[in-house]
Amino acid sequence: MKLTVWTYEGPPHVGAMRVATAMKGLHYVLHAPQGDTYADLLFTMIERRNHRPPVTYTTFQARDLGSDTAHLFKSACLEAYERFKPEAILVGASCTAELIQDDPGGMSETLGLPVPAIPLELPSYQRKENFGADEAFFQIVKTLARPVEKTSHVTANLIGPTALGFRHRDDITELTALLSDMGIGVNVVAPYDATPRDIARLGAAHFNVLMYPETAETAARYLEREFGQPYTKTIPIGVGATRDFVSEIAKITGRNAALEEARLRMPWYSASVDSTYLTGKRVFLFGDGTHVAACARVARDEMGFEVVGMGCYNREQARLIRGLAKEFGVDPLITDDYLEVERRIEELAPEMILGTQMERHIGKRLGIPCAVISAPVHVQDFPARYSPQMGIEGANVIFDTWVHPLVMGLEEHLLTMFREDFEFHDDAGASHHGGKAKLREMGITEPETPAESVDMTTSGPVEIVWLPAAEKELKKIPFFVRGKAKRNTETYATERGVAEISVDTLYEAKAHYAR
Amino acid sequence: MTDRFAPPPSKGCSATPVLKERGQHEVFCGLTGIIWLHRKMQDAFFLVVGSRTCAHLLQSAAGVMIFAEPRFATAILEETDLAGLADAQVEIDRVVTELLERRPDIKQLFLVGSCPSEVIKLDLATAAERLSAQFAPSVRVLSYSGSGIETTFTQGEDACLAAMVPVLPKTDARELLLVGALPDVVEEQAVGLLEAMGIGPIRVLPAPGRDSEYGIGPNTVYALTQPFLTDTHEALQRRGARHLAAPFPFGEEGTTQWLWTIAREFGVSAEKFAEVTDAPRARARKAVSQASEALNGRSVFFFPDSQLEIPLARFLTRECGMQAVEVGAPFIHRAVMSPDMDLLAEGPVIAEGQDVDKQLDRCRTARPDLTVCGLGLANPLEAEGLTTKWAIELVFTPVHFYEQAGDLAGLFSRPVRRRDLLKLEAAE
């Protein structure tokens, strides 16, 4: 058993629901107890879909346990077919139904449905949501994709976007336009808005754009093997990656690499003097492997940040993140335990977090600005406005999104200059943040009385004591760099065996770490 | 005391044949009760023994609250736990020990059963007994089931409270017990009104902490504040306590009748009752009539969710002038529900259980002015042009008793007013 409060990913059948809900003309019959329908509201509320997810739950209850549940499953399948007349049916079990071993796959075969029934084996006690999505999409492709003639002009499939995907809707639009600028058409987008009939035509494309490896890599590999379709390896998030992506497509198709850059504002914004204060901002990245890897590059090469840590929650991408972390010279963090993420963030005391909804809350607790770069996300990250992450416009969106939570350059200087000012004191927080930053969790406690020295040791075997004057001085440092200053000073003191931190120690450490 | 009300209907819907359906249920399981119960019992921790799905459900239902060091968590079953049952008990001990070390402030721990733990027949009752002995006296460990195969949404609170009743000490004192987790502000109002009539001592279940618990015995009388507390009702009767049957305290009429039932039991005079209640009654009437303007003459359709549906339909039809088309409830307990059913005029379909697709068909045919339903159905129905009120808010918002009567009507009238206000189509 594993004690869990927050989960980055849902169970695998939710992943399968993401695929089913993304598609049209497909129905998912899920052998599941009453209550599992809670997952519907992820789609109707967070993503604000205007229809119910195409999922029928058998909703068995305690009194049904025994032979009755198999019967329930069969009648649910038949009724779902009669009512919705889908082109294909997905059948599977949720975690509880997995335990009662009714074998939805076997049962659906005996029903004689006039449409393909695709059984899903999703090991709920070993794997998670992303696996469920990847596996469901793979099984759909494997069952439905047929050998077909290639289109006469060059086309690609966009594969991977699902329901409840972080910015999937707009990424599709952006990439479709980008391909069109190169004279490449889109054959099928899948699973997003695809029908089973569309899936059958996947083979007609010349290559595949694998948008999100988390949800479609297995299918991409299968299509490469079975239909000889190469798939793209670059994720076009950020300016550099988008250019690489275009070159990769040029290589696959033999067309000229053409990128329409008239709307690309991000490089100039980043180069303009107003952005100088972004230089060396220490950022920590966490999320799904794909977004973290892509954003790490943007952070370092396009924003001029210093990446001080990175990690992902999906172990499927652990190798990618480990390799990248090595290249960046940081420790990778592969975990699905948010407390571990929180500990690492506290330890690193970054100036900014790029993460998920969870990191946003960690940032709020620690008083560190945060921008969201990856699922899981809440309703505000399914915006009404156009906001892709990929391609040209994606780069513009990323620049705005990441800069917004940071204290603006001038404000940063004013805070340093007038740090004891009654209106501009550091506990007031940045003017545009709304709420007041709380610093307790950073280990910075208010001194009880100014005369008393407070033990503020957070690490190291030696007891380090902050002398009252030094502590007062520390409090004068703007809140957004104070955590780092405190940590640096303590490290500096520990390394030199200094047990008491004075104002001098503070400034010696500052000089030592100056950059 | 029922003057100034519309007379009770000549024929209530107690005798109406109930449409019993089974099929796909679009409802929450009992685990969701944890979300509000843990706020109410501040020394309690709720440990669900279940799967990742259970953890994901709590996270989805708890919304933003999950980040405020909540006093609930899930022990997620892993492959190895499914292999052999003996291990599972050892694992529970390990997880609980780890948890209690981290949270020494916890005085009551609930082991909450889920579908997976029930299906593999994991004996949580025995685990609770063993752990209670191990951690006594500082921590009491109880168990109940919040599984979807056994409980629907608010029934989770019922299962939890019913698990607490047997361990309360015995007493012969004549005490009034109010049963049901209410928001603090509402609970204080209820207790305040009753105390002003000279009634006491008053106890509440759940008590805010183990320290403030009391005894139960043959002289205990109790009133339910929530309709879904049927197992708790039966557990209390087994301890010899006596039920005061009343309509549930929604709206002015419900609150007055509920209070009057208790007042009569404690020999409060009609004059004293009027002295205490006249002013808040007048306030409630005024607030309801203002807030319910948009509802007058409109029709309402209830999908099953919380068992609050029948009392709320009674409030909406009798105090807000609405017409009920169908009132669906996940479960109807006659003894508990009959005072409300007697007041709800015959006419609407009374449905118990659900076959969601068939019920949706009935709803589309009826095209009610307002549909009360869960979040999985609300936006899809709005997209079809129906106005909806999502039901879960009725459990999470203070809605009981006089001062909230206007807010309660407001919860239903807001979506109707919004539908009238928005003009999103292009001008002709």
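Trainee: Which strands does helix 9 of chain A lie across, and at about what angle does it run to strand 8 of chain A?

Mentor: An angle between two elements is read from lines fitted to C-alpha atoms, for helices over the stretch in contact, and it runs from 0 to 180 degrees between N-to-C directions, while contact means heavy atoms within 4.5 Å. Helix 9 (residues 213-227) of chain A lies across strand 6 and strand 8 of chain A, and runs at about 165° to strand 8 of chain A. Helices (H or I, at least four residues) and strands (E, at least two) are DSSP runs, numbered from the N terminus. This is a predicted model, in which local features need pLDDT of at least 70 and side-chain atom pairs count only at pLDDT 80 or more, whereas totals for chains, interfaces and linings use all residues. Residues are numbered from 1 along each chain as its sequence is written, chains are lettered from A and ligands numbered from 1 in the order in which they are written, and side-chain values use heavy atoms, with hydrogens and water left out.

Trainee: In what order do the three strands of the open sheet 7, 6 and 8 of chain A stand?

Mentor: Two strands count as paired if DSSP finds at least two bridges between them. In chain A the order of this open sheet is 7-6-8, with parallel pairing. Its edge strands are strand 7 (185-190) and strand 8 (207-210) of chain A, each of which pairs on one side only. From one strand to the next, the twist averages 25°. Strand 6 (residues 155-159) of chain A is joined to strand 8 of chain A by four bridges, and Leu158(A) has Val209(A) as its bridge partner in strand 8 of chain A.

Trainee: What is the order of the open sheet of five strands in chain A?

Mentor: The order is 11-10-9-12-13 in chain A, and the pairing is parallel. Strand 11 (332-334) and strand 13 of chain A stand at the edges with a single partner strand each, so one side of each is left without a neighbour in the sheet. On average, neighbouring strands of this sheet are turned by 15° against each other, direction ignored. Strand 10 (residues 306-312) of chain A runs parallel to strand 11 of chain A and is joined to it by three bridges, with Leu333(A) as the bridge partner of Gly311(A).

Trainee: Which way do the residues of strand 12 of chain A point, and are they buried or exposed?

Mentor: Buried means under 20% relative accessible area and exposed over 50%, with partly exposed in between (1.4 Å probe, protein chains only). From strand 12 (residues 352-355) of chain A, Met352(A) and Leu354(A) point one way, Ile353(A) and Gly355(A) point the other way, and all are buried. Three bridges join strand 12 of chain A to strand 9 (residues 282-287) of chain A, which runs parallel to it, and Met352(A) is the bridge partner of Val283(A). Strand 13 (residues 370-372) of chain A is likewise parallel to strand 12 of chain A and joined to it by three bridges, with Gly355(A) opposite Val372(A).

Trainee: Which residues of helix 18 of chain A are buried?

Mentor: They are Ala470(A), Glu471(A), Glu473(A) and Leu474(A), in a helix that covers residues 468-476. Seen down the axis of helix 18 of chain A, these buried residues fall within an arc of 160°, so they line one face of the helix; the arc is that of the directions from the helix axis to the C-beta atoms.

Trainee: Which residues of chain B does UniProt list for "binding site"?

Mentor: UniProt positions are given in the numbering used here, feature names are shortened, and annotations may be inferred rather than shown by experiment. For "binding site", the unreviewed UniProt entry lists Cys29(B), Cys54(B) and Cys115(B). These residues span 87 residues in sequence, yet no two of their C-alpha atoms are more than 9.5 Å apart, so they gather at one spot. Cys29(B) is found in the loop between strand 1 (19-21) and helix 1 (33-40) of chain B, and counts as buried at 7% relative accessibility. Leaving aside neighbours within four places in sequence, Cys29(B) is in contact with residues including Gln34(A), Gly35(A) and Leu57(B). Cys54(B) is found in helix 2 (residues 52-62) of chain B, and is buried with a relative accessible area of 8%.

Trainee: Where is Asp36(A) placed in chain A?

Mentor: Asp36(A) is in the loop between strand 2 (26-31) and helix 2 (40-46) of chain A, and the UniProt annotation "binding site" from an unreviewed entry covers it. Asp36(A) counts as buried at 8% relative accessibility. Apart from neighbours within four places in sequence, Asp36(A) is in contact with His13(A), Tyr57(A), Ser94(A) and Thr53(B).
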